[in-house]
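Student: I should like a close look at one part of this model, the aromatic pairs, followed by the surroundings into which they fit. Please give one connected account.

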Amino acid sequence: MQVESPKVESTNVETLRWREGRLELIDQRRLPLEFDYVACADAVQTAAAIRDMVVRGAPAIGCTAAYGVAVEAQRHATSSRAQFDAALEASFKVLAASRPTAVNLFWAIARMREFHAQMRSVSPQAEAEALLALAKQMHADDIEINRTMGRHGAALIADGARIMTHCNAGALATAGHGTALGVIRSARDAGKRVSVIANETRPYLQGARLTAWEMVQEKIPVTLATDNMAGHLMQQGRVDVVVVGADRIAANGDTANKIGTYTVAVLAERHRIPFYIAAPLSTIDLAIADGSGIPIEERDAAEVTGFRGVRWAPEGVNVVNPAFDVTPAALITGLITEKGVIERPDTAKIRALFGS
Ligand code: MRU
C-alpha cells in the first residue's frame, strides 16, 4: 500500500518510521526515480518487504524485523495470552525466513524473543506496548551507533580523500546516517573535503541507484563508476581509501558484504590502498568461526539477465546470482565499529570488542 510522498530532505531521510500503528518503509526498489513509503500492517507484510527489497541493508533489515514483531504484537494485543504467544512465534519464524545473510536480522529477532520470554506475566496489551518501545529503542540506538562509528571512522579519512564505496551502506541501509556512508558524512561534518566514487554494484545497482542518490541529496561530490572500472581507477591513482559496510562478520574478521566487495578488496591490496569495513557490533557473528560458515543468499536469475522488465541475456543461459561474497580478514586494513577502530581484525581483537 502506498502512502503520501513527502519532500526529501536527505539528512533526515527516514528509511523506516512508525506511523499510526503501522510500520512505513521507503520503497527502495523505486529509488531514485520515485520516492514513496510502503506500509506494513503485520509481520507477514514486513517479511515480504524485506524479501522483496523494499528495505535492504543489514541494520535496516534488523530494525524492520523488530518493528515487524511489534506490529504483530499490536494486532493481537487484545487476544488471549495463548493466541498472542502463537502469533509472536509465527512472526519470529516468518521474519527469520525473509533473507539469510545479514545477521542483524537474527540479532534483532533474538532480542525481541528474549524480551518476550521475560514478559509472560503481564497482559498481552502491556507486552505489545513494551515490544513497540523496544523496537523504537533499537531504531534510535542504531542511529546513535552510526554517528559514533562515523566519528571514529572520520579520523581515518584525510582532507581531500577520494573514497571508493561499494553497494549502499548509507542512511537507506540503516535507521539513519549509515555505516560506510556515515563515516563519509561524519568526515564531511568534521570539515574534510571528501568525494566519493560509488561503484554501480551489479546486478541490483544499489551503488548507482541508492548511494549516488544519497550523496547527491547530501551535496557530497560523487562519481559513479561501473564495477569493472575499480582496478583501472586505482591503478591511475584516483582512489585514496575504500570504505564499505558488512552483512555478517565472522569471529575471525572475515566479512560478508555485497557481491563484488571481495574483488575491490583484492584490488585495494594490489594497489596498497587502505580498505575499511564500517559495521556495528550487531553485524558480528561470534558463532561463526570464519567466513566459510556464512550463508550466502542466492537471488533470482532475472536480476542478472535483465533489469526492470528489460531482458538482455538469451533464454536458456545458465545464471549465477550470489548476493554477497566474503572478504578474508587478511585483506581488511581496519574494522570501524561503535567501540572504535581495530586494525587488521582477528579473533582475539574481535573478542576484545565484546569484552570477552
Ligand atoms: O542486498 P542488500 O542491498 O541488502 O545488501 C546490502 C549490503 O551489502 C550492505 O553493504 C550492507 O548491508 C551494509 S549496510 C550498512
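**Aromatic pairs and their surroundings**

Tutor: In this predicted model, the structure holds 3 aromatic pairs. One of them joins Trp 18 and Tyr 67: the ring centres lie 5.7 Å apart and the planes meet at 15 degrees, so this pair is stacked. The pair links distant parts of the chain, since Trp 18 belongs to strand β2 (residues 16-19) and Tyr 67 to helix α2, with these positions 49 residues apart in sequence. Trp 18 and Tyr 67 are both buried.

Phe 35 and Tyr 37 make another aromatic pair, and here the arrangement is edge-to-face, with 5.8 Å from centre to centre and 90 degrees between the planes. Phe 35 is buried, as is Tyr 37. Through ring pairs, Phe 35, Tyr 37 and Trp 213 are linked into a cluster. Tyr 37 also has a charged partner: the charged end of Arg 17 sits over the Tyr 37 ring, 3.6 Å from the ring centre. Elsewhere, the charged end of Arg 299 is placed over the ring of Tyr 204, at 5.8 Å from the centre of that ring.

Tyr 67 leads from the stacked pair into the nonpolar interior. The largest nonpolar core has 40 residues, and Tyr 67 is among those with the most contacts inside this core, together with Leu 23, Leu 25, Ile 50, Leu 88, Leu 95 and Met 112. At least two residues of this core come from each of β2, β3 (22-26), β4 (37-40), α1, α2, α3, α4 and α5. Helix α2 supplies the largest share, 11 residues.

Ile 50 shows how one core residue is surrounded. Apart from its neighbours within four places in sequence, Ile 50 is in contact with Val 55, Ile 61, Thr 64, Ala 65, Leu 95, Ser 98, Arg 99 and Leu 105. A second, separate core has 26 residues, including Ile 197, Val 239, Ile 277 and Leu 353.

Helix α3 merits separate treatment. This helix covers residues 81-96, 16 residues in total, and spans 23 Å from the first C-alpha to the last, close to the 22 Å expected at 1.5 Å a residue. Its buried residues are Phe 84, Asp 85, Ala 87, Leu 88, Ser 91, Phe 92 and Leu 95. Viewed down the axis of α3, these buried residues fall within an arc of 160 degrees, so they line one face of the helix. Ala 82 and Lys 93, on the other side of α3, are exposed. The buried residues of α3 pack against four helices, namely α1 (43-51), α2 (58-75), α4 (103-117) and α5 (124-154).

Two further positions present opposite settings. Ala 287 is located in the loop between β12 (284-285) and α10 (302-305). The relative accessible area of Ala 287 is 73%, so this residue is exposed. Ala 287 and Val 103 are separated by 184 residues in sequence, yet their C-alpha atoms are 11 Å apart in space. Thr 305, by comparison, is found in helix α10. Its relative accessible area is 7%, and Thr 305 is therefore buried. With neighbours within four places in sequence left aside, Thr 305 is in contact with Val 310, Arg 311, Trp 312, Ala 313, Val 317 and Val 319.

Key
Residues numbered from 1 in each chain as written. Predicted model: local features only at pLDDT ≥ 70, side-chain atom pairs only at ≥ 80, totals over all residues. Heavy atoms only, no water. Expected span 1.5 Å × (residues − 1). Buried < 20%, exposed > 50% of the residue type's maximum accessible area, 1.4 Å probe, protein only. Arc of directions from axis to C-beta. Contact = heavy atoms within 4.5 Å. Phe/Tyr/Trp six-rings, centres within 6.5 Å; stacked < 30°, edge-to-face > 60°. Lys NZ or Arg CZ within 6 Å of the ring centre and 35° of its normal. Core = buried A, V, L, I, M, F, W, Y, C linked by side-chain atoms within 4.5 Å.
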